[in-house]
Amino acid sequence: MARALRLAERGAYTARPNPMVGCVIARDGEVVGEGWHQRKGGPHAEVFALQAAGDRARGATAYVSLEPCAHHGSTPPCAEALVAAGVARVVAAMRDPFPSVDGAGFELLKGAGIAVEHGLMEAQARELNRGFLARVERGRPWLRVKLAMSLDGRTAMASGDSKWISGEASRHDVQRWRARSGVLLTGAGTVLADDPQLTVRLEDGSDFLPPLRVVLDPGLATVARGRVREGDAPTLYIHAPDARLPRGLEIDRVAVPVQGTRFDLDAVLRLLAARGINEVQLEAGATLAGAFLDAGLVDELLLYVAPVLLGPRARPLFDGLHIDAMAQRLKMRRIDSTVVGEDLRLLLRPEES
C-alpha cells in the first residue's frame with residue numbers, strides 16, 4: 001500500500017480534478033503489476049496495473065489507494081475490470097466519498113466473490129488527496145496560503161516592495177506547490193503592486209496542467225493591465241455584482257456577493273469547487289490573506305522564513321485578525337519544516353482544522 005500511495009503521488013500535477021490513485025497487484029509475495037492515474041479521461045490506476053500484470057492478475061491481491069470506481073464516467077468501471085481479471089482480493093486504503101462511488105465499488109467486488117478490505121494506511125491516503133476530499137466532503141477546495149516573511153514577521157516594505165524576501169531556492173521550490181494547485185488566487189491589490197504572472201515554471205520539465213489564475217477584483221480595476229492575463233494559463237476574474245466591464249474587453253468573469261466591503265469568501269471557494277477545483281493556493285498580501293484566515297477558511301500555511309530583518313515599518317504577515325488577548329491567539333500545528341537554500345520552509349495548519 002505504501003508503494004501504491006507513492007505511485008499515486010506521481011499524478012499530483014496532472015490528475016486533477018480526479019483524485020490521485022495508485023495500484024499495486026501482488027501474487028505469491030511478488031509485485032506483478034502496478035500503475036497510477038495520470039490524467040482525467042485516461043485509464044485509471046487499476047487498468048494500468050492489470051495491463052502490466054496480464055494473466056498473473058488471476059488469483060492475486062490488488063492494493064489500491066482509493067476504492068475502485070463502479071460507474072461509467074470518462075472510462076469504464078475499474079471494479080468491473082478487477083472482476084474480469086480474476087483478482088481474488090482487493091485491499092483499499094479508503095472508501096471513495098464521491099457520490100457516484102461511495103461504497104458501490106466495494107459492493108460490486110463483493111458481489112463477484114472478491115474479498116474486500118479497506119482502512120490500511122487510510123490517514124496517509126486522506127492526506128494525499130486532501131484537496132479532492134475537501135471538495136467532495138465539504139463543498140469547498142483545500143486552501144493553502146503561500147507567504148514569504150522575514151524573521152520579524154514582515155512580508156513587504158511599507159512601500160509594498162517585496163522582491164525578494166526569500167531566496168532563489170525558495171522561489172524554485174514554490175513552483176512545485178503551484179503545479180499541484182488547481183487555482184492560483186490573488187487580489188487586485190497584488191496585481192497592481194507586484195504585477196505577478198502566476199504561472200508554473202518547473203526546472204525539471206515535469207508535465208503539469210496549468211492552474212487557473214483567479215483574481216479577486218471587486219470593481220474590475222485590473223482587467224486592462226497586468227501579466228496575469230498573459231501566457232497559456234487561463235484567467236478568471238471574480239467581481240462584485242455591480243461591477244462594469246470596460247467596453248471592448250472580453251474576459252472570463254463571474255460575480256460573487258459582497259458583504260460590506262469584502263467578498264463573501266466562502267462563496268468564492270464554493271464557486272471554485274463547483275468548477276472542479278481541489279486545491280487553491282493563495283498568493284496575495286496581508287489584507288486578503290488575513291481575511292481568509294479571519295473567516296476560518298485557511299487549511300494550511302506554506303511559509304518561507306528568510307534570515308533577514310525588515311523592521312517595524314514593514315508590512316505584517318496578516319492584517320485584520322482583531323486579536324486583542326492571548327486567549328484569542330490562533331494556534332498553528334507544524335506539519336513539516338524543511339531548510340530550502342538559506343530559508344526555512346514551514347507547513348502549518350490551524351489547530352481547528
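Here is a walk through this predicted model, one selection at a time.

**Stop 1: the nine-stranded sheet**

Start by colouring the strands β11-β10-β9-β8-β14-β6-β15-β18-β17, in that order: together these nine form an open sheet with mixed pairing. Now look at the two edges, β11 (252–255) and β17 (332–340). Each has a single partner strand, so one side of each is left without a neighbour in the sheet. If you look across the strands, you'll see a twist: neighbours in this sheet are turned by 20° against each other on average, direction ignored.

Keep the sheet on screen and add helix α6 (residues 130–138), which packs on it. The helix touches β6, β14, β15 (300–305) and β18 (343–350), and its direction makes about 135° with that of β6.

**Stop 2: strand β14 and its partners**

Zoom in on β14, residues 279–282, and switch on the side chains. Which of them point which way? Glu 279 and Gln 281 go one way, Val 280 and Leu 282 go the other, and all are buried.

Next, select β6 (residues 142–149), which runs parallel to β14 and is joined to it by four bridges. To find one of the pairings, pick Leu 143: its bridge partner in β14 is Val 280.

Then bring in β8 (residues 183–187), which pairs with β14 in the parallel sense over three bridges. Here, click on Leu 185 and look for its bridge partner in β14, Leu 282.

From β8 you can step along to β9 (residues 212–216). These two strands run parallel and are joined by five bridges. Leu 184 is a handy place to look, with Arg 213 as its bridge partner in β9.

**Stop 3: helix α7**

Select residues 168–179 to get α7, a helix of twelve residues. Try a quick ruler check: at 1.5 Å a residue the helix should span 16 Å, and its end C-alpha atoms are 17 Å apart, which agrees. Show the side chains of Ser 170, Asp 173, Val 174, Gln 175, Trp 177, Arg 178 and Ala 179, which are buried in this helix.

Now pick Ala 169, also in α7. Is Ala 169 buried or partly exposed? Its relative accessibility is 35%, so Ala 169 counts as partly exposed. Leaving aside neighbours within four places in sequence, Ala 169 is in contact with Val 340 and Gly 341. While you're there, draw a distance from the C-alpha of Ala 169 to that of Asp 343: the two are 174 residues apart along the chain, yet 8.2 Å separates these atoms.

**Stop 4: the five-stranded sheet**

Move on to β2-β1-β3-β4-β5, an open sheet of five strands in that order, again with mixed pairing. The edge strands are β2 (30–36) and β5 (115–118), each pairing on one side only. From one strand to the next, the twist averages 15°.

Add helix α2 (residues 45–53), which packs on this sheet and touches β1 (22–27), β2 and β3. The direction of α2 makes about 140° with that of β2.

Inside the sheet, select β3 (residues 61–64) and β4 (residues 89–92), which pair in the parallel sense over four bridges. Tyr 63 has Val 91 as its bridge partner in β4.

**Stop 5: a helix pair**

Finish with helices α3 (residues 78–85) and α4 (residues 104–111), which pack at an angle of about 20° with their axes 9 Å apart. That makes α3 roughly parallel to α4. The crossing is right-handed. At the contact, Ala 79, Glu 80, Leu 82 and Val 83 of α3 meet Gly 105, Leu 108 and Leu 109 of α4.

Technical notes:
Residues numbered from 1 in each chain as written. Predicted model: local features only at pLDDT ≥ 70, side-chain atom pairs only at ≥ 80, totals over all residues. Heavy atoms only, no water. Buried < 20%, exposed > 50% of the residue type's maximum accessible area, 1.4 Å probe, protein only. Pairing = 2+ DSSP bridges. Expected span 1.5 Å × (residues − 1). Axes fitted to C-alpha atoms, helices over the stretch in contact; angles between N-to-C directions. Parallel < 35°, antiparallel > 145°, perpendicular 65-115°, else oblique. Left-handed = near helix turned anticlockwise from the far one by under 90°. Contact = heavy atoms within 4.5 Å.
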